[in-house]
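Welcome! Let's take a friendly look at how aromatic rings meet one another, and where charged side chains join them.

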Number of protein chains: 2
Amino acid sequence: MDGLSPPQAGLLERFRAGDPRALSRAISLVEDERPGFQHFLHVALSGGPSARRLGLTGPPGAGKSTLVAALAGAYRGAGERVGVVAVDPTSPFTGGALLGDRIRMNDFATDPGTFIRSMATRGSLGGLATSSREVVDLMDAFGFDRILVETVGVGQTELEITGAADTVVVVLVPESGDGIQAMKAGLMEIGDVFVVNKADRAGADRLVGEVRTALHLREGEALRNVPAHPVAVFGSGGPAPAGRPTGGGAPGDAPPSAPARGWEIPVLKTVAQTGEGLELLLDAVARHRAHLADSGELEARRRARAARRVRDVVERELRRLAWDSGPVRDRLETGLDRVGRGEATPYSLAAEVVRDLLGSGPR
Amino acid sequence: MDGLSPPQAGLLERFRAGDPRALSRAISLVEDERPGFQHFLHVALSGGPSARRLGLTGPPGAGKSTLVAALAGAYRGAGERVGVVAVDPTSPFTGGALLGDRIRMNDFATDPGTFIRSMATRGSLGGLATSSREVVDLMDAFGFDRILVETVGVGQTELEITGAADTVVVVLVPESGDGIQAMKAGLMEIGDVFVVNKADRAGADRLVGEVRTALHLREGEALRNVPAHPVAVFGSGGPAPAGRPTGGGAPGDAPPSAPARGWEIPVLKTVAQTGEGLELLLDAVARHRAHLADSGELEARRRARAARRVRDVVERELRRLAWDSGPVRDRLETGLDRVGRGEATPYSLAAEVVRDLLGSGPR
C-alpha cells in the first residue's frame, strides 16, 4: 500500500487532532467508498480498538432510540465521550416511522462530547453492514470512550451490524409478541443482555419469563452442540465445510458476539421514557464488560471481528476488481449476446470471467 | 466445464422426463450449493427461459398467499402447469406468522399440475436471492407454463427476488398506511401492476388514489432522469461509476424489472378471499405480458437477468476460491496474530490475501 493522497493525509491529521468535522468527512469517505478509503482506514485504524462498544437491537417501536438517548446521557454524566451510530433500515414498510425517532437525539446536538451519525440501509446490496462497522471503528479511533450502535433487528444486515459491538443488548417490548418465537429466529444468539422496555405495560412480566425460558432452553442446547471455542476463526478447526461457500462455510460467519460462557444473561425491565431500570442496565453492561475482559473473551471477539473484516474487505476488493476491469466488461457484453442466442449460459460465462480474473487460479 | 457426475446425470435425466421428485432434488442441490450444482444449472438451464413468470410482493399480512392461491387456481383452470416459489423471510420479529400462511396452498398438494416450494431467508448472508432465482429458473426449465414467485417485501433480499419475474405485482392493503410513504421506499421501482387487496376494508379507495398519485409523481421524475435504456447491462454506456464497487457501480444493480415505458401501470382492487377483482388482475397480467413481448422489453429484461446472474455467480465463485484455499487460510491465521499484535490491520491483511489469490492481478 502506498501513502495517503495529500488531501487524505490532511484529513487524517485533523482527524487525529480531534476535529469532529474531520470525523464526519472521514465517515463520508468510507460510506461512499471513495478512492483510497481502504488505505485511509488502514492508517486511521492502525492503533486497534479501544472504546467500549455497546450494540442495541430489537423490533421497530421497542424504544431503542429513547434507551440509547438515556444511556448516552448517563455515560456523558460520568464524563465519557460518547459516539452514537444509528442504522435505519428504510424498508418499504417501515421507512419513515423509524427515522422519526432520530429527533430525540437532538438534545445532544450541541454537546461536543457527543457525536451522532445516522446511516440508512436503503438501497444497499450487502455492503452496508461492512461500512457501518467501519464507521464504528472510525469513531473508536477518533477517541470516544463509549460507542452506542443502534440497529433495528428486522433483517440479516441489521443483525450483522451488532457484530461491531462488544456487548449486545436486545430490546423487546411486551407487544413484540411471543418471546420464544422471537428468540427462535436469531436474537438469542446475539444478546448478552435482554431488556423488556416499556415494562409498565401489560405483559412485561410474562415476556421476561418467556425470554428466560428461551435462554435456558438454548443453554441446554449449547452445552450439547457448541465446541469449546464458540467463535469460528478461519477454519482453525480443520477444512471449511464444503459446498456452502456463500453461507455457513465462509470464515467469520459465526456471530462475533456469540454469548460468552460463564455469563448468566440478564433479562431486565426498563421504562426508557422515565429512566426506570436504567441503573440496572448500566450495571449489567459494566458487569458484562468486566466479564469479557476477565475471561479473555474480549480478545476473542476482537479477533473474530478482525477475521470478519478481512473477509469483507477481500470480497469487496474482488468484486471491485471483477467489475471495474475493462476486458471483463467487454467479455460480458459479447458473452450476453451468446447467452441470448443460446450459445452460452450465465454459468459458462461466469466461469470464463473467473478464469480471466484469476488466470491459472489461486496458488 | 466437465461433464456431470453419474448421479447428477441420472438426476438430470429424470428431471427432463418430468419427474417432480427429480425437480425437488434438483432444487435441494441448488439450495444447498452441493458440489457440482453450478454445472448442473449450466446444463439444465441451457434451453433458456420460456415460462411466464409473475412475482408478487408486499407487506406481511397483505394477503399475498391467498392471492397466489387464487391465481394458481385460475391458471390451472385454464390448463396451465403452475409452479409456485414462496420465499418467507423469517426475520426475528415476523418469523412464525408468515409461514402460517403456507397452509392455504395445501389445496394444491395433490394436483400433479402444480408444484409448490417454500424457501426461508433465515440465516442467509446474501446468497439467498441468487439461489431463489436459480430455483425459479429450474422450475422454468422443468416445463411449467406459469411460475408465481411470492416474497414478503420487508428487505432488500426479498425485493431482489422479484427480479426473477417478468411481471411484478405489488400487493398492498388499506392498513399498509400511507401509500406515498410505501412508494418512496423501493416498491415503486419494481411494480408493473399494483393491487390494493382486502379492498372491502375502509381506506381502500384512498390508498388507490395515493398509489396513483405516487406513480404519476414518479413518472414525471422518470422523464427527467432515466436514460433511454432503463436497464443497465454491464456498463455498456461507458466506464462503470468509480468508487462504489459493492453498490451502485456494479453491473446488474438496476432492478431487472424496472417498469417498461409505454406501459400505464394499473392500480387494481381485489378481495382475494372472495375472488373479487381477480379477473381484472388476470387481465392486467396478460396485457403486461403482451406489452413486454411487443415492445422488446421481455428480451431486455431477460438479458438484464442473465447479466445479474453472471455477476452473482462470479462473486459466489470468487468467495469460494478465497475461503476454500488452504494457503489463504494459513496466511489468515498468522495474519490475525499480527493484527492482534498491532503489526498489521485487517486492511493490509486483506490486501495480502487478494495478492495471493490474483498473483499479478487481473489481465
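## A ring cluster in chain A

In this predicted model, ring pairs join Phe15(A), Phe40(A), Phe115(A), Phe142(A) and Phe144(A) into a cluster. Counted over all chains, there are 8 aromatic pairs.

## Phe115(B) and Phe144(B)

One of the pairs is formed by Phe115(B) and Phe144(B), with a tilted arrangement: the ring centres are 6.2 Å apart and the planes meet at 45 degrees. Where do the two partners lie in chain B? Phe115(B) belongs to strand E3 (residues 114-120), while Phe144(B) is found in the loop between helix H6 (128-142) and strand E4 (146-152), so this pair ties together parts that are 29 residues apart in sequence.

Are Phe115(B) and Phe144(B) buried or exposed? Both are buried.

## A second partner for Phe144(B)

Phe144(B) also forms an aromatic pair with Phe142(B). This pair is tilted too, at 5.6 Å centre to centre and with 35 degrees between the planes.

The relative accessible area of Phe142(B) is 8%, which is under the 20% cut-off, so Phe142(B) counts as buried. Phe144(B) has a relative accessible area of 3%, so Phe144(B) is buried by that cut-off as well.

## Charges over rings

Phe144(B) has a charged neighbour too: the charged end of Arg81(B) sits over the Phe144(B) ring, 5.1 Å from the ring centre.

Chain A offers another example, this time with a tyrosine. The charged end of Arg146(A) sits over the ring of Tyr75(A), at 3.8 Å from its centre.

Notes
Residues numbered from 1 in each chain as written. Chains lettered and ligands numbered in written order. Predicted model: local features only at pLDDT ≥ 70, side-chain atom pairs only at ≥ 80, totals over all residues. Heavy atoms only, no water. Phe/Tyr/Trp six-rings, centres within 6.5 Å; stacked < 30°, edge-to-face > 60°. Helix = DSSP H or I, 4+ residues; strand = E, 2+ residues; numbered from the N terminus. Buried < 20%, exposed > 50% of the residue type's maximum accessible area, 1.4 Å probe, protein only. Lys NZ or Arg CZ within 6 Å of the ring centre and 35° of its normal.
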